[in-house]
Amino acid sequence: MSQVKILIVEDESIVAMDIKHRAEVLGYQVTAIIPSGEEALESVAQNRPDLVLMDIVLKGEMDGIEAAQKIRDNYDIPVVYLTAYSDERTLKRAKITQPFGYIIKPFDDRELHSAVEVALYKHQMESKLKESEKWLSTTLESIGDAVIATDKEGKVKFMNPVACNVTGWSHDEAIGKPLSEIFRIINQDSSSIVDDPVAKVVENDAIIELPPQVCLINKNEQNIPIDDSSAPIKDENGNIIGVALVFRDVTLRRKEAKEREELLKDKARGELSGFILSALPIFASNIPPQVRNNIVRSFGDRFEKNMKPLFLEEMENCQNTKKMDSQDESQSSPEIIFQCYLSWISEFMSNLGIVTSTEINLETGKNYLNFENCPWMSEGSVSPIFCLICRAIVIRSFTWTSLKGNVEQKKCILDGNKNCSFDFKLF
């Protein structure tokens, strides 16, 4: 075991020699005896000791407290104060420098030995903690995800560079601020505010994931789609002392998912539209009514299998959007559902080349869907199969809604009318 090197800073030569003798008897190596703070700094720079025994009152312009502060800041060497002064003012000044010990003169060998060993141990533990914190900080700053750590009350204690970039807040700006000010999140579809993740983690003592379709409103008021998980930070006794949030910008991922979704919807619609457009000319002949009805029923089953799942998904999204956008709180749920349905059926029929118009008046009961043109006029003069299929599309799809009522076709272009008209009776 190598000897511990100690520097003694004491301006009373007799006292200094006594301390040196005591230290050497205890097995320590004294590197020098220095009478002033200025010389102490020079000695530390030239011959780094493991510990400094520092008298508070020294001759010269720099006292022991000022010298100890500079030694700690510049060289990270533990300092133990030696002084005959124990007044409150001196203690307060000394505490600011975070000394590793404080011995009141006169003292015995046992007190000196205990103070030195405790100071060395505390410094060793502090160094290990600083190293661990440095590794942790470096790791958190290097990962690709954004990380924010808060205390139990939700005040920001740490942000890595990715989090700063996503939120638009610098580390120094964010520290100490409430998380709700830095990490403002809303539902992307409804724009409603999402519950504070810190409160939920503390309440449930568990890892909490944000609901889907969440957006972060950054410092520049930009909406950034994110996904996130929040976990409790606990002390050695298992008590929650804070919360860690890990999140990432998923703008590109959501955009790609939306594009894939639209492609799948277009593909499904395109396949069904292609089936209709290719099938109708084949059926445009004198088909017996029984066969014709079987064809329409078979088509209706295929139409429902292919389109109902997409229909239900789009209806849910449409209803959520309309409820949030509506300024009229009295607007009924059936009206919203019906509006969404008419929007969907109009878009679907447009894929078949049919231009539509709508009329809605739930109070009078006059609710119409009109087809303004017919892509199959020539075939229609031979067989009504195309009319039956369009009618099946409207009637079958209406049954997928939760609305109570029925649909009746009032007009048909083939009968010389300007449009085909469907009348919706809602109960």
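## A threonine at the end of a helix

Let us start with one small detail: a polar atom in the side chain of T167 lies 3.3 Å from the backbone nitrogen of W169. This distance, like every other value here, comes from a predicted model. T167 belongs to helix α6, which covers residues 161-167.

How buried or exposed is T167? Its relative accessibility is 0%, so T167 counts as buried. Setting aside neighbours within four places in sequence, you will find T167 in contact with several residues, among them I148, M159, I182 and F247. Its other contacts of this kind include L216, N218 and K219.

## The whole protein

Now step back to the full chain. The protein has 427 residues, and 40% of them count as buried. Its secondary structure consists of 14 helices and 16 strands. About 23,500 Å² of the protein is exposed, with carbon and sulfur atoms supplying 50% of that area.

Contacts also tell us about the fold. Among contacts with a separation of 6 or more, 57% are between residues 24 or more positions apart.

## A mostly covered helix

Helix α14 runs through residues 385-398 and has 14 residues. From its first C-alpha to its last, α14 reaches 20 Å, close to the 20 Å expected at 1.5 Å a residue.

How many residues of α14 are buried? The count is 10 of its 14, and the helix is mostly covered. The buried residues of α14 include I385, F386, I389, I393 and F398. Both C387 and C390 are buried in this helix too.

## Loops worth a look

Some backbone details sit in loops. K105 and P106 are joined by a cis peptide bond, with omega at about -5°. Look for P106 in the loop between β5 (101-104) and α5 (109-142).

D76 has a phi near 50°, a positive value in a residue other than glycine. You can find D76 in the loop between α3 (64-75) and β4 (79-83), and its relative accessible area of 31% makes D76 partly exposed. D205 also has a positive phi, near 50°. The loop that holds D205 runs between α9 (197-204) and β9 (208-209), and D205 is partly exposed at 38%.

## Salt bridges

Side chains of opposite charge can pair when their charged atoms come close. The whole structure contains 16 salt bridges. One of them links R22 and D18, whose closest N and O atoms are 2.9 Å apart. Why are R22 and D18 separated by about one helical turn? The two are 4 residues apart in helix α1 (residues 13-25), so about one turn separates them. R22 is buried, with a relative accessible area of 19%, while D18 is partly exposed at 35%.

Another salt bridge joins the side chains of E126 and R72, at 3.5 Å from N to O. E126 lies in helix α5 and R72 in helix α3, so this pair ties together parts that are 54 residues apart in sequence. E126 is partly exposed, at 22%, whereas R72 is buried, at 14%.

D423 and K425 also meet in a salt bridge, 3.4 Å from N to O. D423 is buried, with a relative accessible area of 3%, but K425 is partly exposed at 37%. Finally, a network of salt bridges links E10, D55 and K105. You have already met K105 as a partner of P106 in the cis peptide bond.

Definitions and conventions: Residues are numbered from 1 along each chain as its sequence is written. This is a predicted model: local features need pLDDT of at least 70, side-chain atom pairs count only at pLDDT 80 or more; totals for chains, interfaces and linings use all residues. Side-chain values use heavy atoms; hydrogens and water are left out. Buried means under 20% relative accessible area, exposed over 50%, partly exposed in between (1.4 Å probe, protein chains only). Contact means heavy atoms within 4.5 Å. Accessible areas come from the Shrake-Rupley method with a 1.4 Å probe; for residues, only the protein chains shown count as cover. A polar contact is a pair of N or O atoms within 3.5 Å; within protein, one must be able to donate a hydrogen and the other to accept it, and residues adjacent in sequence count only if both atoms are side-chain atoms. The expected span of a helix is 1.5 Å times one less than its number of residues. A salt bridge is a side-chain nitrogen of Lys or Arg within 4 Å of a carboxyl oxygen of Asp or Glu.
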